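Reader: I would like a close look at a single part of this protein. Please take me through one sheet and whatever packs against it.

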Amino acid sequence: MALARELAGTLRRLHGDTLDPRIAARMRLHVADTIGVALAARADAALCRSIEKAAASGPAAGAAIIGSAARAPAPAAAFANAALAHAMDFDDIHDYARLHPTPVTLAAALAVATDPAGAPAPCDWTRLTGAVALGNEALCRLGLACAPDGSSAVSNWFTTQLLGGFGAALAAGWMMGLDDAGLEAALGFAGMQAAGHKEPAFGVGSNARQVYPGFAAMAGVTAARMAAAGLSAPAGAIDGAAGVWRVYLGRAPDEALRALALEPSHWHATEVSFKPWPCCRLSHPYVSAALALRERLAGRPIERLVVGVNPSADRLCWPLDARVRPATLSDAKYSIPFITAWTIVHGEPSLERLDARALSDPAVLALAARIAIEPGLPDRPGHPPARLHAWPAGGGAALSSAADAPPELDAAGVRAKFLVCARHGGLDDGEALWEAIVNGAPAPLHAVGLA
């Protein structure tokens with residue numbers, strides 16, 4: 001049997017008749033966090049106008065766009081919502097799979113749920129949470145099987161986009177009530193739309209990196225709708241002779257892929273992390289190390305700063321001249337040297353402080369210009385090891401700082417982050433929306449901050 005069919009059946013059994021309450025509670029946190037960061041993106045009015053224009057949105061009937069009165073066809077609304085959820089670089093992430101699951105799966109499920117021609121049954125937060133859980137679990141399993149690091153073939157792909165269509169198709173298909181055969185077909189159509197080369201990240205000067213998860217969400221909704229219409233798709237989209245594994249990753253599917261994809265009991269989706277800071281996740285250990293170094297410096301200026309990197313972190317440092325003087329805020333958030341310098345100068349990054357003004361901050365630019373990149377740290381999946389060595393101006397011994405992982409947010413931290421994001425995006429009553437999503441207070445799905 002093709003892996004797509006087995007994966008759909010495995011996840012359906014894992015979900016059961018009702019989602020385990022502990023898993024459901026965790027997934028509600030991810031739904032809330034993702035809606036929060038999408039609302040925060042509303043503060044960038046120009047970007048939001050562009051996203052909604054690209055989605056061909058308008059006042060006519062269609063699926064909802066977070067934080068807006070506009071509506072759009074379901075695939076386009078899925079694109080818009082996933083793009084909004086990633087635009088601030090504040091969305092959740094599975095560190096070892098190196099992908100952002102909930103922006104993609106929630107956008108797909110929400111598009112189906114709020115489309116008048118969408119799901120065949122009434123949709124509520126419980127059904128939506130189950131769809132996100134299944135989509136996230138599929139994405140985490142496939143991402144972990146890739147074992148992404150900084151030097152393998154997968155390092156040239158956004159795994160969120162390359163694999164995201166599979167998770168989005170499962171989430172949308174679950175909302176539509178597709179059976180296992182229908183979900184298999186949806187996965188097949190998702191595979192036919194797989195894409196996601198990483199040039200928008202390695203290149204500089206554009207904001208394409210802010211919106212790329214939208215393509216996966218749009219593909220998933222389109223795939224599920226095609227399956228629901230009765231069209232059939234190749235069963236081997238993942239593991240076939242010309243499936244994603246062989247064509248995109250350059251490797252034959254192996255037992256490790258099947259073992260991860262078909263694990264009968266473990267929820268890898270519960271290991272997805274909430275970002276504490278609005279910048280690229282691979283830069284987070286450098287933020288931690290820079291905060292510790294900043295405390296030790298106690299205000300003393302730095303004459304020279306060496307940033308140690310492994311192959312994963314190294315990809316966020318070149319071309320160095322463009323990384324230390326980024327042209328866009330998106331580039332700044334993706335630049336390890338710039339974020340390191342910013343943190344040493346200002347402290348913790350936040351939505352309010354890390355904004356477009358940072359691009360011309362003289363103190364940050366001066367320190368970033370004194371940074372040297374030192375490769376050679378070991379490559380590995382997950383967080384890169386951050387190593388900083390600073391020589392204070394005026395002489396004295398070098399100060400060193402290291403971090404291997406950033407702090408993790410608990411439920412209280414996610415709530416605090418949500419309220420900050422909602423307020424940043426202009427939503428006054430973030431507390432009521434939090435209660436609706438996380439604690440089941442009565443509210444329709446349309447109450448996701450929609451105008």
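Author: What follows describes one sheet, strand by strand, and then the helices on it. The model is a predicted one.

The sheet is open and has four strands, in the order 4-3-5-6, with mixed pairing. At its edges are strand 4 (371–374) and strand 6 (399–403), each of which pairs on one side only. From one strand to the next, the twist averages 20°.

Now take strand 3 (residues 302–308) and strand 5 (residues 386–392). These two run antiparallel and are joined by six bridges. To find the pairing in the structure, start at isoleucine 302, which stands opposite proline 392 in strand 5.

Two helices can then be added to the picture. Helix 14 (residues 284–297) lies across strand 3, strand 5 and strand 6. Its direction is at about 150° to strand 6. Helix 18 (residues 336–346) also packs on the sheet, where it touches strand 3, strand 4 and strand 5. The direction of helix 18 makes about 135° with that of strand 3. Strand 3 and strand 5 therefore appear in both lists: helix 14 lies across them, and helix 18 touches them.

Technical notes:
Residues are numbered from 1 along each chain as its sequence is written. This is a predicted model: local features need pLDDT of at least 70, side-chain atom pairs count only at pLDDT 80 or more; totals for chains, interfaces and linings use all residues. Side-chain values use heavy atoms; hydrogens and water are left out. Two strands pair if DSSP finds at least two bridges between them. Axes are lines fitted to C-alpha atoms, for helices over the stretch in contact, and angles run from 0 to 180 degrees between N-to-C directions. Contact means heavy atoms within 4.5 Å.
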